[in-house]
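Trainee: I would like a close look at one part of this model, the packing of a single helix against its neighbours. Please set it in the context of the chain and add whatever is unusual in the backbone.

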Amino acid sequence: MVEEETLDFRADRDATLKLIDWFDIDRARTSKVLVVGAGAIGNEALKNLALLGVGHIYIFDRDTIEMSNLSRSVLYTGADMGQSKAHTAARRLREINASVRTYWNDGDIYSDLGEGLIRRMDAVIGCLDNMNARLLLNRLCWRVGKPWIDAGIGSLNGHVRVFHPPNGPCYECALPEDHDRRQAVGESCRVIARRQVDQGRIPTTPTIASIVGAVQVQECLKLLDAKRWEGRSLAGRQFDFYGEFAAADVTGLPAREGCLVHDETIDPHLIVEMPKAHSQMTAAALMVAAKRVLPDAYLVLPDEVAVEWRCRLCGAAYPLLRPLPSLYQGDLICESCGHEPTWESEIKLTHKVSANHSPRALLEATLRALGVPRFGLVEARGSNGEVRFLELTGDANQSVIAEPPPVSRTGDSVL
Ligand SMILES: [Zn+2]
Ligand SMILES: [Zn+2]
């Protein structure tokens, strides 16, 4: 906090913020916050981050702006129809506050959001509208130990929860008991993924988005100044707002014993930055690089990859090369007999890539084609049992685009 007499309220846009004793403006200016989803809630969260002067705001959203978004999106106008939400939001935030830097990506979070970006953030805000994306973001944040703030809204009610690895519950822990968690993450019930119904339009209002997005950013400030707020944040808890009664409450979320997400937390000392490695290189090329770190290393892919399908009815065999989460029911039909596989047991899967044992097609595939996201981590296991996580650091400068492009500072790192 600064003495009032020393402030210039006419010329200093942050003069009022400097009067707040709990707000560390210098910390905010150097902080990096990733917002995933730039819809109704995302607009509100982003607007608040920019007004508060959070220094580096990263925005992910794959969608483009539609007319129907305008009833709930302060950052978009009628002139923005058809434009990228992430890019438009990044531009608008710079107009709101020229002192913040914004970065955007309008790719798919499944293939473009890697742990390398997340582990360089101070906090992550999830403004998502479907469970699959939340499951993914939860897993990524938990792997690299970054706190994330989830929110959900209807037309009157909304909630916010904060997950703070390695302690307390994660998003999967908090799923209802009767939910088949393993099916949700595609790990046990071996059914080929059904095409996600994640485009459902939940009727929402700007008022509830505004309440929830504000609570998210308030909690984000606490995460950025964690010591000060110890015991007073929403970490491990859920805030509910009931619009019908203008009531709110906070409840604790239990950590669930045996939740596998917690086992995935990576010891940061095992992460090896590989400036020349990127998601467009082949598995074989990464293996060559991996062997300099670990002798006789093989790679463990983040998801199972389907390498062959053998028709259960007529025996015809078809080579495949698809990460399992991207293989949907209806994608495969036997050319000889018209059979459609429904069970994964008909499909040969692998999640290992080894120089000696893997088929050539697998070795020659790019990491991206094998389901490794841009700027992701790839697990390498050596013959001696040692494990390292190879970071595709070569993707760093393509993982987000700075807005506006740095002038006369080409080659500047965006991280
Ligand atoms: Zn959990
Ligand atoms: Zn067949």
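Mentor: What follows goes from the whole chain to one helix and its two packing partners, and then to a few loop residues. The model is predicted, and that applies to everything below.

The chain holds 10 helices and 15 strands. Its radius of gyration is 23 Å, close to the 22 Å that the globule rule gives for 415 residues, so the chain is as compact as a globular protein of that length. Along the principal axes, the C-alpha trace spans about 80 × 50 × 45 Å. Of the 415 residues, 40% count as buried. Taking contacts between residues at least 6 apart in sequence, 69% join residues at least 24 apart.

The part to look at is helix H2. Two packed helices are described by the angle between their axes and the distance between the axes. For H2 (residues 40-52) and H8 (residues 206-224), the angle is about 45° and the axes are 8 Å apart. H2 is therefore oblique to H8. The crossing of these two helices is right-handed. On the H2 side, the residues that meet H8 are Ala40, Ile41, Glu44, Ala45, Asn48 and Leu49. On the H8 side they are Pro206, Ala209, Ser210, Val212, Gly213, Ala214, Gln216 and Val217. By class, the residues of this contact divide into nine nonpolar, four polar and one charged.

The other partner of H2 to consider is H3 (residues 85-96), where the packing angle is about 35° and the axes are 9 Å apart. Here too H2 makes a right-handed crossing. H2 contributes Leu46, Lys47, Ala50 and Leu51 to the contact, and H3 contributes Ala89, Leu93 and Ile96. The contact of H2 with H3 has six nonpolar residues, no polar ones and one charged.

Next come the backbone details. Most residues other than glycine have a negative phi, and most peptide bonds are trans. Against that background, the peptide bond from proline 165 to proline 166 is cis, with omega near 5°. Proline 166 sits in the loop that runs between strand E6 (157-163) and helix H7 (181-184).

Aspartate 296 is not a glycine, yet its phi is positive, about 50°. It belongs to the loop between helix H9 (283-293) and strand E10 (298-310). Because 14 other C-beta atoms lie within 10 Å of its own, aspartate 296 is partly exposed.

Phenylalanine 375 also has a positive phi, near 60°, in a residue other than glycine. It is in the loop between H10 and E13. Phenylalanine 375 counts as buried because it has 27 C-beta neighbours inside 10 Å, the cut-off for burial being 20 or more.

Alanine 369 is placed in the loop between helix H10 (360-364) and strand E13 (377-381). With 20 C-beta neighbours inside 10 Å, alanine 369 counts as buried. Its C-alpha is 8.6 Å from that of serine 279, although the two residues are 90 apart in sequence.

Definitions and conventions
Residues are numbered from 1 along each chain as its sequence is written. Chains are lettered from A and ligands numbered from 1 in the order in which they are written. This is a predicted model: local features need pLDDT of at least 70, side-chain atom pairs count only at pLDDT 80 or more; totals for chains, interfaces and linings use all residues. Axes are lines fitted to C-alpha atoms, for helices over the stretch in contact, and angles run from 0 to 180 degrees between N-to-C directions. Helices (H or I, at least four residues) and strands (E, at least two) are DSSP runs, numbered from the N terminus. Angles under 35 degrees count as roughly parallel, over 145 as roughly antiparallel, 65 to 115 as roughly perpendicular and the rest as oblique. A crossing is left-handed if the near helix is turned anticlockwise from the far one by less than a right angle, and right-handed if clockwise. Two residues are in contact if their C-beta atoms, placed from the backbone, lie within 7 Å. Ala, Val, Leu, Ile, Met, Phe, Trp, Tyr, Cys and Pro count as nonpolar, Asp, Glu, Lys and Arg as charged, and the others, Gly among them, as polar. The radius of gyration is taken over C-alpha atoms; the globule rule is 2.2 Å times the number of residues to the power 0.38. A residue is buried if 20 or more other C-beta atoms lie within 10 Å of its own, exposed if 12 or fewer, and partly exposed in between; C-beta atoms are placed from the backbone.
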